[in-house]
Amino acid sequence: GLTIHGYLTVPPGVDSENLPLVLHPHGGPWLRDSWGFNPEVQFLANRGVAVLQVNFRGSTGYGKAFWKASFGQWGLAMQDDLTDAVRWAVDQGIADPTRVAIYGGSYGGYATLAGITKEPELFACAVSYVGVSNIFTWLEAFPPYWEALRARIYEMVGDPDRDAERLEATSPIFHVDRIRCPLLVAQGANDPRVRKGESDRIVAALRDRGVDVEYLVKENEGHGFSNEENRFDFYAEMEAFLA
């Protein structure tokens, strides 16, 4: 019952038909994608890939009701908004249904992992960049300066005691048996927001199952890569992985 807005970027000089597509959910999640130059999106479009950015429920700038519609909906309706956007692109003939990838960072990394567990047939491959794999351990690892936000986050995401059943159902680490596609994981070793263990656990669980996982860890990075050389490494690896 909600209208979901987003941005579709297509490679220049080609028909917008049957293209490889990267679904690129934003972080936050209580932020939004906006119109303007985005170097990641342009990088992918330059390589012949269409990019779909979706302001799923909870994205800011669409009013309080739209924001509150995300409460308790990690991995549920918020994820369905992303799935619906991919199906729209396929139905429009824009995206090749056999060549759809998902890539995001932070909450977008969570949405990546949730996507390949909830809709394993939808994605050909995935890239999780500093993504949450276990909502319980993410909540436990809040740094001291986040403590004042804990009650608010419990209301918006879930309480690990009161909502334990739902949080387990929507934490990708508990559903790795559903993941079938190749995965690239990138992580900063000193990340205070999404601890390295979030990526370690999902990588180990998938490798134990024989799923193809590439794991890029940078020891001198936190929540996202700031060092230019590390960014070069990440984007070069992602380009090769998506190809």
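**Figure 1. The largest nonpolar core of the predicted model.** This core holds 51 residues, and Trp 74, Ile 116 and Trp 138 touch the most other members. Helix H4, residues 107–118, gives the largest share of the core, with six residues. Apart from this core lies another one, of 19 residues. Val 49, Ala 101, Tyr 103 and Phe 234 are among the members of that other core.

**Figure 2. Trp 138 and the residues it touches.** Residues up to four places away in sequence are not counted here. Trp 138 touches two other tryptophans, Trp 74 and Trp 146. Its contacts also include Val 132, Ile 153, Val 157 and Val 194. Arg 193 and Glu 198 complete the list.

**Figure 3. Strand S2 and its two partner strands.** Strand S2 covers residues 19–23 and is mostly covered: five of its five residues are buried. Four bridges join S2 to strand S4, residues 95–105, and the two strands run parallel. In this pairing, Leu 19 stands opposite Ala 95 of S4. S2 also pairs with strand S3, residues 50–55, in the parallel sense, over three bridges. Here Val 22 stands opposite Val 51 of S3.

**Figure 4. The β-α-β unit that contains S2.** The unit is made of S2, helix H1 and S3, with H1 formed by residues 39–46. The unit is right-handed.

**Figure 5. Two buried cysteines, Cys 125 and Cys 181.** Cys 125 has a relative accessible area of 10% and is buried. Cys 181 also counts as buried, at 5% relative accessibility. Why is the sulfur of Cys 125 not bonded to the closest cysteine sulfur, in Cys 181? The two sulfurs are 6.7 Å apart, which is too far for a bond. A disulfide is a covalent bond between the sulfur atoms of two cysteines. In this model, a pair of cysteine sulfurs counts as a disulfide within 2.5 Å. For Cys 181, too, the closest cysteine sulfur is 6.7 Å away, in Cys 125, so no bond is assigned between them. A search of the whole structure finds zero disulfides.

**Figure 6. Asp 163 in a loop between two helices.** The loop runs between helix H6, residues 150–156, and helix H7, residues 164–169. Is Asp 163 buried or exposed? With a relative accessible area of 15%, Asp 163 is buried, because buried means under 20%. The side chain of Asp 163 makes a polar contact with the side chain of Arg 162, at 3.1 Å.

Notes:
Residues numbered from 1 in each chain as written. Predicted model: local features only at pLDDT ≥ 70, side-chain atom pairs only at ≥ 80, totals over all residues. Heavy atoms only, no water. Buried < 20%, exposed > 50% of the residue type's maximum accessible area, 1.4 Å probe, protein only. Polar contact = N/O pair within 3.5 Å; in protein donor to acceptor, adjacent residues only side chain to side chain. Pairing = 2+ DSSP bridges. Right-handed = clockwise from strand over helix to strand, strands pointing away. Core = buried A, V, L, I, M, F, W, Y, C linked by side-chain atoms within 4.5 Å. Contact = heavy atoms within 4.5 Å.
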